[in-house]
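Please look through the sequence and the model below with care, and then follow the report, which moves from single residues to pairs of helices and back to the loops.

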Amino acid sequence: MRGLSVYPARKFLPLLILGPLLAAGAAASADPDRAWTALADNRPQDVLRQLRPDAPSRADRLAWAAARIGAQPATDGNMREAEAVLVELEQGTDELAAEAAYLRARIYQLHLNEPDFAKAAQLYAGLAQRQPGSHWAQLGLVKLGLLKLYLLPDVSGPGADRLAAAEVLLARIQEPLLRRDLNLQIGQAGIALNQPQARFLPHLIAAEQAGGVTGNAQEDLIVQIGVLSERGGDWARAREYFEKYLAAYPLNVRAYAIRRKLAEVNHRLAQEGRP
């Protein structure tokens with residue numbers, strides 16, 4: 001079995017703009033035009049040929065800015081052009097304004113030649129303060145958590161402090177799947193930062209119990225919790241997760257090793273007089 005980590009410690013999710021922006025475009029028009037279709041097909045250059053940064057529709061200006069962010073060449077100059085439009089759009093109080101503010105923060109986090117993580121964090125925090133119930137503000141809190149876990153220079157001290165800085169944000173995230181995502185990232189950071197198992201394992205368990213993790217990540221997460229529980233001497237939880245793995249993935253390549261681990265755990269429990 002490979003290492004325990006489900007995601008690389010410094011991995012950030014890519015800028016996912018196509019689906020959400022289509023929803024914004026649908027609000028502007030019942031029949032999305034060719035520009036929205038091009039955006040959905042990941043053809044930002046076509047969007048730029050069809051729209052202008054001063055288009056009458058706010059949704060179309062947002063689409064233009066998103067396309068400018070995604071188009072090549074990804075120069076700082078192009079990012080500044082997109083930001084100028086986003087600054088104007090984020091002045092509202094609707095979801096489109098929140099999305100514009102989120103995309104602006106992403107520019108500073110990901111799309112400049114030299115990212116400005118402190119500025120990105122400031123923008124995420126500002127959005128969450130202005131529109132705390134917005135999906136984009138909630139998503140921004142997850143990104144802010146990642147910055148606090150790994151990248152912000154003003155987070156000092158041992159790794160436990162970094163976990164605590166991100167944990168504070170959990171209570172502010174009301175969307176269950178986004179709270180799951182931050183729990184998962186806190187758990188993975190605990191491993192990367194060599195924290196005691198009791199410090200981070202509850203976050204991995206909370207993420208798994210929330211559901212919705214898909215594909216190989218779900219398989220890895222179940223194994224991860226089982227192995228960590230075994231290492232920590234929590235035989236009952238190890239058995240629970242090894243059995244869960246075998247029920248879901250009986251024919252996968254790791255199933256043989258997991259069966260052996262399950263037998264060892266059952267032997268430990270029997271020695272302790274526990275069924």
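Is tyrosine 249 buried or exposed? Tyrosine 249 has a relative accessible area of 17%, and because the cut-off for a buried residue lies under 20%, tyrosine 249 counts as buried. This value, like every other one in this report, comes from a predicted model.

**The chain as a whole**

The chain holds 14 helices and 0 strands, and, when the sequence is read from one end to the other, the pattern is α-α-α-α-α-α-α-α-α-α-α-α-α-α. Of its 275 residues, 48% count as buried. Among the contacts in the chain with a separation of 6 or more, 56% are made by residues 24 or more positions apart.

**Aromatic pairs**

In the chain the count of aromatic pairs comes to 3. For tyrosine 102 and tryptophan 136 the ring centres are 5.4 Å apart and the planes stand at 45°, so this pair is tilted. Since tyrosine 102 belongs to helix α6 (residues 95-111) and tryptophan 136 to helix α8 (residues 135-150), the pair ties together parts of the chain that are 34 residues apart in sequence. Tyrosine 102 and tryptophan 136 are both buried, and, together with Tyr124, they form one aromatic cluster.

Another tilted aromatic pair is formed by tyrosine 245 and tyrosine 249, with 5.1 Å from centre to centre and 40° between the planes. Tyrosine 245 is buried, with a relative accessible area of 0%.

**Two helix crossings**

Tyrosine 245 also takes part in the contact between two helices, α13 and α14. The axes of α13 (residues 235-248) and α14 (residues 255-271) come within 9 Å and cross at roughly 150°. Angles over 145 degrees count as roughly antiparallel, and therefore α13 and α14 are described as roughly antiparallel to each other. Their crossing is left-handed. On the side of α13 the contact is made by Trp235, Ala236, Ala238, Arg239, Phe242, Glu243, Tyr245 and Leu246, while α14 contributes residues that include Ile258, Leu262, Val265 and Leu269. Sorted by class, the contact of α13 with α14 has 11 nonpolar, 1 polar and 5 charged residues.

A second crossing involves α8, the helix that holds tryptophan 136. Here the axes of helix α7 (residues 117-130) and α8 come within 9 Å and cross at roughly 145°, and the crossing is left-handed. Tyr124 of α7 and Trp136 of α8, which both belong to the aromatic cluster, are among the residues that make this contact. Other residues in the contact include Phe117, Ala120 and Leu127 of α7, as well as Leu141, Leu144 and Leu147 of α8. By class, the residues of the contact of α7 with α8 divide into 12 nonpolar, 1 polar and 1 charged.

**Two glutamines and two asparagines**

The table sets out the accessibility of four residues, and the text after it says where each one lies.

| Residue | Relative accessible area | Class |
|---|---|---|
| Glutamine 218 | 15% | buried |
| Glutamine 209 | 58% | exposed |
| Asparagine 42 | 57% | exposed |
| Asparagine 194 | 67% | exposed |

Glutamine 218 is found in helix α12 (residues 215-231). Leaving aside residues up to four places away in sequence, glutamine 218 touches Glu208, Val213 and Tyr249, and the last of these is the tyrosine that pairs with tyrosine 245. Glutamine 209, by contrast, is exposed and lies in helix α11 (residues 197-210). Glutamine 209 and arginine 180 are 29 residues apart in sequence, and from C-alpha to C-alpha they are 8.7 Å apart in space.

**Backbone details in the loops**

Most residues other than glycine have a negative phi, and most peptide bonds are trans. Against this background, which value of phi does asparagine 42 have? Asparagine 42 has a positive phi of about 60°, although it is not a glycine, and it lies in the loop between α2 (34-40) and α3 (44-50). Asparagine 194, in the loop between α10 (176-192) and α11, also has a positive phi, near 60°.

Finally, a cis peptide bond, with omega about 0°, joins glutamine 72 and proline 73. Proline 73 has its place in the loop between α4 (58-70) and α5 (76-89).

Key
Residues numbered from 1 in each chain as written. Predicted model: local features only at pLDDT ≥ 70, side-chain atom pairs only at ≥ 80, totals over all residues. Heavy atoms only, no water. Axes fitted to C-alpha atoms, helices over the stretch in contact; angles between N-to-C directions. Helix = DSSP H or I, 4+ residues; strand = E, 2+ residues; numbered from the N terminus. Parallel < 35°, antiparallel > 145°, perpendicular 65-115°, else oblique. Left-handed = near helix turned anticlockwise from the far one by under 90°. Contact = heavy atoms within 4.5 Å. Nonpolar A, V, L, I, M, F, W, Y, C, P; charged D, E, K, R; others polar. Buried < 20%, exposed > 50% of the residue type's maximum accessible area, 1.4 Å probe, protein only. Phe/Tyr/Trp six-rings, centres within 6.5 Å; stacked < 30°, edge-to-face > 60°.
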